[in-house]
Amino acid sequence: MFDCSQLRFSSCKPIRHGLLLFLLFIISLSIAQPEWLSAENVPVCTAKADQHFPVLTTDGKDGVIVAWRDARNGNYDIYAQSISSKGDMVWTPDGIAVCDHEAPQSSPAIVSDLKGGAIIVWGDTRNGTQDSYAQRIDADGKKMWNPDGVEVCTDAALQDDFTVMPDGNGGLIVVWEDWRTGNQDIYAQKISAEGKAIWKKNGIPVYSGEGDQYDPAIISDGVGGFIVVWWDISTPDWNIFAQRIDSKGNKVWDSPVPVCTAQGNQGAPTIVTDGNGGAFCVWSDYRNDPNFFTKAQLYAQHIASDGTTLWQKDGIPICELLINQQQANCISDGEGGFIVVWWDDRDVFADIYAQRVNVKGKVLWNKEGVPVCTEGGVQQIPILVSDGAGGAIAYWLDYREDFGNITEDAIYAQRIGANGVPLWKENGVPVCTANKEQITPKAVSAGVGSAIVVWSDARGDDYDIYSHRVH
């Protein structure tokens, strides 16, 4: 222990002042060390049986609310926990039951309620097929709506692949894949802050034409509605289409906008706002692959608020190399463009690369992308969050220590500056390198240069939920 009696203060005020500041710093570390720094990772839920598929949103105070699928009661329920900015668990240890109805629940999605709580949506089989329900939890962990949740859609057909966004007024918009017409379509519903369905019962059709529509991705249009893109297989080729829905549930564009109908297949679209009522869409494109579904490149298109596509027909390439690029994920760059990260197959093992594109469609970094992680072994499923300073924090599943069956996952992260320069250790810093498997990481920004990450972790006897703040 530091012995203060050994100090010999001179009459020099600057030296005395510096020593006092040093002592105060040491004392502050000893009495106020955040939970994030006191352990390898912070356990969120280690209840019996498995916990899977965590999702999270900000609590508005640099902490987060996490929800997940939980098997502790013998079937799948939905649980949640609030984590403070210091990494402390705010609610009941191992979380509170959002929905523990006797029928199984699955696939949670979450948004902030703008008041320190959250709204959680899940798939629910209480009526015999998978429907969707929602619940609002306040900052104290109290249920605000019906104890078993409110209906989002209970049509007799299957609903799946739920994606959500805030409606700007404390409620949310839910979009999903729906089979009520005999093929897979895109439907949507708005739920108010009071838990009331605003649009037509069981949702409105975003698109219910011929063929199947998959993988809807949505962003706000800035005035209470949203823009949605999807992967469409209503023609022999698989294409990308978009539609805009206003705050009342009406279609803004006369017909779906063809984002890309180039020769070959296109799929896995992602979307990000342009900050001006429109959107950027990025997708995997097989137009240069004679087999049409083995090697993709990333392409992008800018869609204006009126549905006009602003760049060249069928989009521009993100990376000029004709090598396999998959799993694109985007965020706004805060200056009218976007940053995109992807899984890249230019080397022996899959790596992570990134690019920044401005509003005119010009790439701002190296034309072949900047390396985020090129460590040996496979890296995959990269995701971005803002770093709060014009750049991004990327995180991904990493198998750099496993060159065999790809069973020993780890999670790594890297911060990329607005100029495309990696700011942390080369090839990323570890978020979690615990034994056994880590899966389905999700994250939110937590201040400048910081992000909170949650995931499902097999280091114990079962899968549990863990978290870490990387900064």
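**Exercise 1: Cysteines**

Task: Find out how many disulfides this predicted model holds, and work out why Cys260 has no bonded partner.

Solution:
- Step 1. Start with the count: the structure has 0 disulfides.
- Step 2. Now take Cys153, which is in no disulfide. The nearest cysteine sulfur belongs to Cys99, and that one is 16 Å away.
- Step 3. Go on to Cys260. Its closest cysteine sulfur sits in Cys281, at 9.0 Å, which is too far for a bond. To count as a disulfide, the two sulfur atoms would have to be within 2.5 Å.
- Step 4. Check the surroundings of both residues. Cys153 is buried, with a relative accessible area of 0%, and Cys260 counts as buried at 0% relative accessibility.

**Exercise 2: An open sheet**

Task: Say in which order the strands β14, β15, β16 and β17 line up, and whether the pairing is parallel or antiparallel. Then find the edge strands.

Solution:
- Step 1. Recall what holds a sheet together: strands pair through backbone hydrogen bonds, and the pairing can be parallel or antiparallel.
- Step 2. Trace the strands. There are 4 of them, in the order β14-β15-β16-β17, and they make an open sheet with antiparallel pairing.
- Step 3. Look for strands that pair on one side only. Those are β14 (213–220) and β17 (257–260), the edges of the sheet.
- Step 4. Check the twist: ignoring direction, neighbouring strands of this sheet are turned against each other by 30° on average.
- Step 5. Zoom in on one pair. Strand β15 (residues 226–232) and strand β16 (residues 239–245) run antiparallel and are joined by 7 bridges. As a landmark, look for Trp230, which stands opposite Phe241 in β16.

**Exercise 3: Salt bridges**

Task: Say how many salt bridges the structure holds, then look at where a few of them sit.

Solution:
- Step 1. The count comes to 14 salt bridges.
- Step 2. Try Arg287 first. Its side chain meets that of Asp285 in a salt bridge, with 2.9 Å from N to O. Asp285 has 0% relative accessibility, so it counts as buried.
- Step 3. Next up is Asp333, whose salt bridge to Arg356 has its closest N and O atoms 3.0 Å apart. This pair links distant parts of the chain: Asp333 is in the loop between β22 (325–332) and β23 (338–344), while Arg356 is in strand β24 (residues 351–357), 23 residues apart. Both Asp333 and Arg356 are buried.
- Step 4. Now compare Glu375 and Arg400, whose closest N and O atoms are 3.7 Å apart in their salt bridge. Glu375 lies in the loop between β25 (370–373) and β26 (379–386), and Arg400 in the loop between β27 (392–398) and β28 (410–416), so this pair ties together parts 25 residues apart in sequence.
- Step 5. How exposed are these two? Glu375 is partly exposed at 30% relative accessibility, whereas Arg400 is buried at 10%. The cut-off for buried is under 20%.
- Step 6. Finally, look for shared partners: salt bridges join Asp333, Glu335 and Arg356 into one network.

**Exercise 4: Around Asp457**

Task: Describe where Asp457 sits, whether it is buried or exposed, and which residues it is in contact with.

Solution:
- Step 1. Locate Asp457: you'll find it in strand β31 (residues 451–457).
- Step 2. Read off the accessibility. It is 0%, so Asp457 counts as buried.
- Step 3. Check the side chain of Asp457: one of its polar atoms lies 2.8 Å from the backbone nitrogen of Arg459.
- Step 4. Skip the neighbours within four places in sequence and list the rest. Asp457 is in contact with Cys432, Ala434, Glu437, Gln438, Asp462, Tyr463, Asp464 and Tyr466.

**Exercise 5: Positive phi**

Task: Asp94 and Ile381 are not glycines, yet each has a positive phi. Find where each one lies.

Solution:
- Step 1. For Asp94, phi is about 70°. This residue lies in the loop between β4 (77–83) and β5 (96–99), and it is partly exposed, with a relative accessible area of 24%.
- Step 2. For Ile381, phi is about 50°. You'll spot Ile381 in strand β26, and with a relative accessible area of 39% it is partly exposed.

Note on methods. Residues are numbered from 1 along each chain as its sequence is written. This is a predicted model: local features need pLDDT of at least 70, side-chain atom pairs count only at pLDDT 80 or more; totals for chains, interfaces and linings use all residues. Side-chain values use heavy atoms; hydrogens and water are left out. Helices (H or I, at least four residues) and strands (E, at least two) are DSSP runs, numbered from the N terminus. Buried means under 20% relative accessible area, exposed over 50%, partly exposed in between (1.4 Å probe, protein chains only). A polar contact is a pair of N or O atoms within 3.5 Å; within protein, one must be able to donate a hydrogen and the other to accept it, and residues adjacent in sequence count only if both atoms are side-chain atoms. Contact means heavy atoms within 4.5 Å. Two strands pair if DSSP finds at least two bridges between them. Axes are lines fitted to C-alpha atoms, for helices over the stretch in contact, and angles run from 0 to 180 degrees between N-to-C directions. A salt bridge is a side-chain nitrogen of Lys or Arg within 4 Å of a carboxyl oxygen of Asp or Glu.
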